[in-house]
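Please work through the exercises below with the sequence and the model at hand. Each task is followed by a solution in steps.

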Amino acid sequence: MTDDAVPDEAVTDAATSVSRRLEAILLIVDEPQSLVALATAVGAPVPAVRQAIEALVEDYDGLAGGPRRGFELREVGGGWRLYVREEHDDLVSEFVNAQAPSRLSQAALETLAVIAYKQPVTRGQVASIRAVNVDSVVRTLLARGLITEVFTDPETGAIHYGTTDALLVNLGINSLDELPHISPLLDDGANGFDEVVR
């Protein structure tokens, strides 16, 4: 073994370690992550993360000698995230819908209502309106096909959500214009105001 072999092995081990840590983070993120965010998460320099991302893309695409995976690592809106390959969308959708309970929870219904009335809206905006964390509820609604990612803000990377035609079908309406006006359903505060004035 030459003196050069040891540094090469150390570099390979470090690159493998970065790739493994990246995979662990990418498996749990719901929104695309920038190289800087990923580098911070795994504690590695941005160039090393960029190189590891490129290697993972090649690996998942079957270009590194292994099989082509059923998922891919895709850059969207300036960030990276794992996605199911397009040819498997129908399969995954059928599986998720078969596993999902037929009824939505109260939290899911409230979140869905906010998205329906305020769309396109970010997860943060929905959380602000509901005053609770909505991450898992948004994942459920996405999996059920009731909402979809409409676009990603190029500056902030925030994903904006909107409703799908599946929601219209479930509600038995032709367009969102047929949703009831929400203002008559809200308390206008008149009773409380009158009590204060007296």
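The exercises below concern a predicted model and pass from the overall layout to strands, cores and pockets.

**Exercise 1. The overall layout**

Determine how many helices and strands the chain has, and in what order the elements run.

Solution.
1. The secondary structure comes to nine helices and five strands.
2. Read from the N terminus, the order of the elements is α-α-α-β-β-α-α-β-α-α-β-β-α-α.
3. The chain has 198 residues, and buried residues make up 29% of them.
4. For contacts between residues at least 6 apart in sequence, 46% join residues at least 24 apart.

**Exercise 2. The hairpin of β1 and β2**

State in which sense β1 and β2 pair, and describe the turn between them.

Solution.
1. The pairing of β1 and β2 is antiparallel and extends over six bridges.
2. Within this pairing, Leu73 has Leu82 of β2 opposite to it.
3. Two residues lie between the strands of this hairpin, and Gly77 in the turn has a positive phi of about 60°.

**Exercise 3. The partners of β5**

Identify which strands pair with β5, and establish whether the residues of β5 are buried or exposed.

Solution.
1. Strand β3 (residues 121-122) pairs with β5 in the antiparallel sense over two bridges. Thr122 is the residue that stands opposite His160 in β5.
2. β4 also pairs with β5 in the antiparallel sense, here over five bridges. The bridge partner of Ile147 in β5 is Thr163.
3. The hairpin of β4 and β5 has six residues between the strands, and Gly157 takes a positive phi near 80° there.
4. In a regular strand, side chains alternate between the two faces of the sheet, so each face can be examined in turn.
5. On one side of β5, Ile159, Tyr161 and Thr163 are buried; on the other, His160 and Gly162 are buried. Five of the five residues of β5 are thus buried.

**Exercise 4. The surroundings of Thr152**

Locate Thr152 in the secondary structure and list which residues it contacts beyond its neighbours within four places in sequence.

Solution.
1. Thr152 belongs to strand β4, which covers residues 147-152.
2. With neighbours within four places set aside, Thr152 is in contact with Val76, Gly77, Gly157, Ala158 and Ile159.
3. Pro32 is 120 residues from Thr152 along the chain, yet their C-alpha atoms are separated by 9.3 Å.

**Exercise 5. The nonpolar cores**

Find which residues of the largest nonpolar core touch the most other members, and which element gives the most to this core.

Solution.
1. A general point comes first: in soluble globular proteins, nonpolar side chains tend to be buried together.
2. The largest nonpolar core holds 19 residues; Leu112, Ile115, Val126, Leu141, Ile147 and Tyr161 touch the most other members.
3. At least two residues of this core come from each of α5, α7, β5 (159-163) and α8. The greatest contribution, five residues, is that of α5.
4. Beyond residues up to four places away in sequence, Leu112 touches Leu104, Leu141, Leu146, Ile147, Thr163 and Leu167.
5. Apart from the largest core lies another, of 17 residues, including Leu38, Ile53, Tyr60 and Leu82.

**Exercise 6. The two largest pockets**

Describe what volume and what lining the largest pocket and the second largest pocket have.

Solution.
1. The largest pocket has a volume of about 950 Å³. Its lining has 28 residues, and Arg81, Tyr83, Val84, Val92 and Leu142 lie nearest its centre.
2. Two or more lining residues of the largest pocket come from each of α1 (5-28), β1 (71-76), β2 (79-84), α4 (89-99), α7 (135-143) and β4. With five residues, α4 gives the most.
3. By class, the lining of the largest pocket divides into 13 nonpolar, five polar and 10 charged residues.
4. The second largest pocket has a volume of about 360 Å³. It is lined by 15 residues, and Leu104, Leu109, Leu112, Leu167 and Leu171 are the closest to its centre.
5. α5 (106-118) and α8 (165-171) each supply at least two residues of the lining of the second largest pocket. The largest share, five residues, comes from α5.
6. The lining of the second largest pocket has 11 nonpolar, three polar and one charged residues.

Key: Residues numbered from 1 in each chain as written. Predicted model: local features only at pLDDT ≥ 70, side-chain atom pairs only at ≥ 80, totals over all residues. Heavy atoms only, no water. Contact = heavy atoms within 4.5 Å. 1 Å grid on protein atoms, 1.4 Å probe; cavity = no way out; pocket = protein on both sides within 12 Å on 5 of 7 lines; lining within 4 Å. Points joined across faces, edges and corners; volume = space filled by probe spheres on them. Nonpolar A, V, L, I, M, F, W, Y, C, P; charged D, E, K, R; others polar. Pairing = 2+ DSSP bridges. Core = buried A, V, L, I, M, F, W, Y, C linked by side-chain atoms within 4.5 Å. Buried < 20%, exposed > 50% of the residue type's maximum accessible area, 1.4 Å probe, protein only.
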